[in-house]
Structure formats: C-alpha cells, structure tokens
Amino acid sequence: MSADAPRATAIIGATGTAALGVARFLFLALGTAVFLLILLVAWWLYGKLPSIGRGQPAFSWAIEPPGTQGTPLVATHPTRGREEGWQFGGPGTNETFAALVLAEPDEAGRPFTLTTPQFWQFEPLRVLRPRVGGPHYTMTTRWGTFAGRDLIYEELDGRVRTCIVFRNAFETSAFALGGYYCAAGVQTANAASLACLIDRIKLAPAQRESAALAYLGSRAGQPALCQNTTFYPPGTRRVVRDRKGGVVRMAGGSSDTFPLWPR
C-alpha cells in the first residue's frame, strides 16, 4: 500500500493539472466567444445606424416669412432608404416651424405605398406628443395632390399650436414627399397657403439619377396650382382639455393617425 501511495498521488496531481488546464482552456474559449459575439452585435448595430450629412438636398424650399433660413439634411439608412430635405425653426419659438422631406426606398427597392414609409427623420417629433385629427385637406399642386391633417401640440408655456401635417396623395412606389408646417407665432396653419408653399419647391441641377427626381422633373415646368379643398367632419378643430388646461385630444379625430412616424 505504501508503494502505491506516491503513484496515486502522482495520478491525482496529473489529473488535477489536466482538469485545471481544461478549465483554463474552456474559460479562455468562452471569453473569446463572448468577445466575438459582442463584436458581431456591435457590427450589426453599426450597420443599422443612419448616415447623416449636411449636404445639399436635390431641391430647395422657400417658406413664409421671406428670408427664413432652413437647415438642409441628407440622411441614408441601411433598411429605411434615403431621406433629404429642409427643416425650419423649432418648438418653443415664435418662428415658423416646418419640414419637408423627400424619401426614397433602400437598396433592396422595397416599394412605397400611400401609408409607407413612416418618415424616420420625424420620429423626434413624438416627444411633443402631437395629436393628429381635425379636417381633411386635399391640396392640389404642380407636383400632384397632397393629403393633410391638423397636427396640434402644446408648447412649454401652455400655448397650443395648430399645424398641418402632409404627404403626397398621388400613388407612386418610387418615393414619398411630405412634411409638416406650423405658422409663425400663434397663427393657425392654413392649408391653402401651404399648397402654395409646396408649389414653391425648386429642383436643383441634376446631382444624381433617381425615379423620384425624374418624376418631379417632369412636372417642374407646370404652372403652380396652389389649391385646397377641405372636408370638415363635425366638431373639428376643437381642442378638448383636462381640468388643468392640458390638451387631451381633438374633437372629431382623437384616435386618427397619419403616416409620418410610428405610433
């Protein structure tokens, strides 16, 4: 028995060393796998991030009052496509607050409909908790017809701003053109005036080829139509407030949606 003791001790020691080596190998392998997984997830997320630049859009847009300066924005997204346009002003000011965006499909060429896309550049507007409802506007322009609705939100000082949200109503799978318009001060946005503003879109000299620009270019020489017809459901443009004076909903359309951003 005494002669077998050193051998048993050696076997146990060798087994322990082997087990420790295997455990160390498995630990390193697991760590490497986790690290590679993190890199893979980071690479996947990076591919989903939009690329936002300050290049010039393929069109210009002049709004009221004259001389109002807009900010150009051109952005591409791997799965949502390309969006370019202009933004003016912002909430919390007495200035005109507006945006106009031309959206085109991604490289996969997923066709657009009258309810898609949901413009992803407008998603930050959701922090204003806007309500969409009220009358239905049909604005006729040189580019085609545009559908519009009232968009109401409350400023931090309690003022209620009534704007118009709009997008193309003509059927095309190649692009979508839409935006929102809030008149300066506490004025209520007017759809007839907005139709005239949409007619002011001017295409820049050809910078690239696309079905959207080809369509718009084919209508750019037509005269401005600058027309609007309005359908008023009963009780529209009346704000319903809570006991503290906050905007709860709009009468006649509290649950309405408009395809500009996901709900």
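This is a short talk on the disulfides of one protein chain and where they sit in its fold.

What you have in front of you is a predicted model. I will start with the chain as a whole and then go to the cysteines.

The chain has 263 residues, and 37% of them count as buried. Its secondary structure consists of three helices and 13 strands. If we take the contacts between residues with a separation of 6 or more, 63% of them come from residues 24 or more positions apart. On the outside, the chain exposes about 14,800 Å², and 61% of that area is supplied by carbon and sulfur atoms.

Now the cysteines. How many disulfides does a search of the whole structure find? The search finds two. With the bonded cysteines numbered in sequence order, the pairing reads 1-2, 3-4.

Take the link of Cys163 and Cys182. The sulfur atoms of this pair are 2.0 Å apart. The link is right-handed, with 100 degrees about the S-S bond. Which parts of the chain does it tie together? Cys163 belongs to strand E8, residues 160–168, and Cys182 to strand E9, residues 176–182, so the disulfide joins two parts that are 19 residues apart in sequence.

Are these two cysteines buried or exposed? Cys163 has 0% relative accessibility, and because buried means under 20%, it counts as buried. Cys182, with a relative accessible area of 1%, is buried as well.

Next is the link of Cys196 and Cys226. Here the sulfur atoms are 1.5 Å apart. This link is also right-handed, with 60 degrees about the S-S bond. Cys196 lies in helix H2, residues 191–198, while Cys226 lies in the loop between helix H3 (211–219) and strand E11 (227–231), so the pair ties together parts that are 30 residues apart in sequence.

As for accessibility, Cys196 comes out at 27%, so it counts as partly exposed. Cys226 has a relative accessible area of 30% and is partly exposed too.

To put the pairs side by side: Cys163 is buried and so is Cys182, whereas Cys196 is partly exposed, as is Cys226. One pair ties strand E8 to strand E9; the other ties helix H2 to a loop between helix H3 and strand E11.

Terms used:
Residues are numbered from 1 along each chain as its sequence is written. This is a predicted model: local features need pLDDT of at least 70, side-chain atom pairs count only at pLDDT 80 or more; totals for chains, interfaces and linings use all residues. Side-chain values use heavy atoms; hydrogens and water are left out. A disulfide is a pair of cysteine sulfur atoms within 2.5 Å. Helices (H or I, at least four residues) and strands (E, at least two) are DSSP runs, numbered from the N terminus. Buried means under 20% relative accessible area, exposed over 50%, partly exposed in between (1.4 Å probe, protein chains only). Contact means heavy atoms within 4.5 Å. Accessible areas come from the Shrake-Rupley method with a 1.4 Å probe; for residues, only the protein chains shown count as cover.
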